[in-house]
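Me: Please give me a close look at one part of this model: the helix packing. Then tie it in with whatever lies around it.

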Amino acid sequence: MIRLQGVSKRYKGASTYAVRDLDLEVRPGEIFGFLGPNGAGKTTTIKMIVGLLKADQGKVLVNGHDLTLDPIAAKRSMGYVPDKPDLYPRLTGLEYLNLIGDVYGVDGPTRSKRLAHYLEMFQLTEAVGDLIQSFSRGMQQKLALTGALLHAPALFILDEPMVGLDPKSSHLFKEIMREHVKQGNTVFFSTHVLEVAEQLCNRVGIIKQGELIACGTMEELRTGRDRDGSSLEKLFLELTDEGGSYEE
Ligand SMILES: Nc1ncnc2c1ncn2[C@@H]1O[C@H](COP(=O)(O)OP(=O)(O)O)[C@@H](O)[C@H]1O
Ligand SMILES: [Mg+2]
């Protein structure tokens, strides 16, 4: 789970907040979609959740661990796939995965079993012995995903996971997210594509210019009845830039 309380971030020299006074709760067992246009503050929020950026104000709790007070326990309990995975080009895929397995202390038999499962699913079994620099972008993303799932994290966080993936891979990504929450875990991912969120998410939050402007189930958002009773359909139209094509 994730709990953000009054979280704000302003980059050095910036005149406006990248994220402002954000309150958010993501519950165990749910797939939560974090929606918003480019530059809205999604990546900044995610970096604060995974501990790559420090919030200026507010509190970040992950699986019950305060990120400031107990960062190691918090990080141990999550798996993270960034928007542009930066893997080690001179390692082979398998060397990379074993490195991750060592860092997270995944024992041999468990490691083999999980690797076999994901590599098979992603059709990486053959290529995994090659250098990462020879992998396509999609393959690198799948490798990053496998690495992030290797320690079966209670919270799985992905930043724009569908970008650059072919339809088959993106289908697999969705399968993996569903599989992960079925085991009682939590998935949090950002996207600017409404359709993906619609297919997958139990709940979504919409961020715009650093502020959370709506949060709820798709049904709640669709019928435009959020906590304040404001019209969310309009927000969606603005978000997705689809003019009048949005309907129930
Ligand atoms: N490292 C940075 N330094 C300064 N400003 C940044 C940095 N990263 C992001 N920003 C700014 O913060 C805002 C939010 O960006 P970001 O969190 O990347 O949005 P999103 O992921 O929703 O596209 C944008 O205005 C962006 O220009
Ligand atoms: Mg981003």
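Reply: Let's start with the crossing: α3 passes α5 in a right-handed way (the near helix is turned clockwise from the far one by less than a right angle; anticlockwise would be left-handed). Keep in mind that the model is predicted, with local features needing pLDDT of at least 70 and side-chain atom pairs 80 or more, while totals for chains, interfaces and linings use all residues. Residues are numbered from 1 along each chain as its sequence is written, and chains are lettered from A and ligands numbered from 1 in the order they're written.

Here α3 covers residues 93-103 and α5 covers residues 137-149 (helices are DSSP runs of H or I with at least four residues, strands E runs with at least two, numbered from the N terminus). Their axes sit 9 Å apart, at an angle of about 25 degrees (lines fitted to C-alpha atoms, for helices over the stretch in contact; angles run from 0 to 180 degrees between N-to-C directions). That's why α3 counts as roughly parallel to α5 (under 35 degrees; over 145 is roughly antiparallel, 65 to 115 roughly perpendicular, the rest oblique).

Who's touching whom? On the α3 side you'll find G93, Y96, L97 and I100, and they meet L143, T146 and G147 of α5 (contact means C-beta atoms, placed from the backbone, within 7 Å). Sorted by class, this contact has four nonpolar residues, three polar and no charged ones (Gly counts as polar; Ala, Val, Leu, Ile, Met, Phe, Trp, Tyr, Cys and Pro as nonpolar; Asp, Glu, Lys and Arg as charged; the others as polar).

Now for the sheet beside α5. Six strands make an open sheet with mixed pairing, in the order β6-β7-β8-β3-β9-β10 (strands pair if DSSP finds at least two bridges between them). β6 (78-81) and β10 (211-216) are at the edges with a single partner strand each, so one side of each has no neighbour in the sheet. From one strand to the next, the twist averages 15 degrees. α5 packs on this sheet, touching β6 and β7, and its direction makes about 170 degrees with that of β6.

β7 (residues 155-159) runs parallel to β8 (residues 186-191), and five bridges join them. One spot to find is L155, which stands opposite T186 in β8. Another helix, α6 (residues 167-182), lies across β3 (31-35), β7 and β8, and runs at about 150 degrees to β8.

There's another sheet too: four strands in an open, antiparallel arrangement, ordered β2-β1-β4-β5. Its edge strands are β2 (19-26) and β5 (65-66), each pairing on one side only. Helix α1 (residues 42-50) lies across β1, β2 and β4, at about 120 degrees to β1.

How values were computed. Contact = placed C-beta atoms within 7 Å.
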